[in-house]
Amino acid sequence: MEVKINLEENRVYVVSNQKLTSMNPPDGGYGETKIMWQNDKAVHVTTKFTTRIGENRK
């Protein structure tokens with residue numbers, strides 16, 4: 001099976017159980033994404049965001 005992805009987007013993808021999952025970037029553009037694994041499979045994703053102090057937000 002083949003899947004096409006857009007290489008012009010900054011994204012992280014996880015392939016698990018023959019499915020492609022796109023991870024959304026953190027709100028505001030700053031943060032981290034953690035992927036939890038169990039029995040060699042990605043099972044959970046946690047995304048935290050950070051707000052920078054003193055910068056203009058849109």
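A salt bridge here is a side-chain nitrogen of Lys or Arg within 4 Å of a carboxyl oxygen of Asp or Glu. I start with that cut-off because Lys34 and Glu32 have their closest N and O atoms 3.9 Å apart, which puts the pair within 4 Å and makes it a salt bridge. Note to self: this is a predicted model.

**Entry 1: salt bridges**

I searched the whole structure and got 2 salt bridges. One is the Lys34 and Glu32 pair I began with. The other joins the side chains of Arg11 and Glu9, at 3.5 Å from N to O.

Next I checked how covered these four residues are. Lys34 comes out partly exposed at 44% relative accessibility, and Glu32 is partly exposed at 37%. For the Arg11 bridge, Arg11 has 31% and Glu9 has 40%. Arg11 is called partly exposed because its 31% falls between the 20% and 50% limits. Glu9 gets the partly exposed label too, at 40%.

I also looked at charge across the chain. There are 9 positive and 7 negative side chains. The centres of the two sets lie 5 Å apart.

**Entry 2: Lys34 and Thr33**

I stayed with Lys34 for a bit. Lys34 sits in strand β3, which covers residues 31–38. What does Lys34 touch once neighbours within four places in sequence are set aside? I found His44, Val45 and Thr46.

Then I moved to Thr33, also placed in strand β3. With neighbours within four places left out, Thr33 is in contact with Val45, Thr46 and Thr47. So Val45 and Thr46 turn up for Thr33 and for Lys34, going by heavy atoms within 4.5 Å. I took the C-alpha distance from Thr33 to Thr46 and got 5.6 Å, for a pair 13 residues apart in sequence. Thr33 is partly exposed at 35% relative accessibility.

I tried Lys34 against Asn17 as well. Those two are 17 residues apart along the chain, and their C-alpha atoms are separated by 18 Å.

**Entry 3: Ser16**

Is Ser16 buried or exposed? Ser16 is buried, because its relative accessible area of 16% is under the 20% limit. I placed Ser16 in strand β1, residues 12–16. Outside its neighbours within four places in sequence, Ser16 is in contact with Lys41 and Ala42.

**Entry 4: the chain overall**

I stepped back to look at the whole chain. I count 0 helices and 4 strands, and from the N terminus the order reads β-β-β-β.

How much of the chain is buried? Buried residues make up 9% of the 58 residues, and Ser16 is one residue I saw with that label.

For overall shape, the chain has a radius of gyration of 14 Å, while a compact globule of 58 residues would be near 10 Å. The C-alpha atoms fill a box of roughly 45 × 30 × 10 Å along the principal axes.

I checked contact range too. Among contacts with a separation of 6 or more, 9% are between residues 24 or more positions apart. The Thr33 and Thr46 pair, at 13 residues apart, falls short of that range.

Last, the surface. The accessible surface of the chain is about 5,800 Å². Carbon and sulfur atoms account for 47% of that surface.

How values were computed:
Residues numbered from 1 in each chain as written. Predicted model: local features only at pLDDT ≥ 70, side-chain atom pairs only at ≥ 80, totals over all residues. Heavy atoms only, no water. Helix = DSSP H or I, 4+ residues; strand = E, 2+ residues; numbered from the N terminus. Buried < 20%, exposed > 50% of the residue type's maximum accessible area, 1.4 Å probe, protein only. Rg over C-alpha atoms; globule rule 2.2 N^0.38 Å. Areas by Shrake-Rupley, 256 points an atom, 1.4 Å probe, with all protein chains shown as cover. Lys, Arg positive; Asp, Glu negative; His and termini not counted. Charge placed at Lys NZ, Arg CZ, Asp CG, Glu CD.
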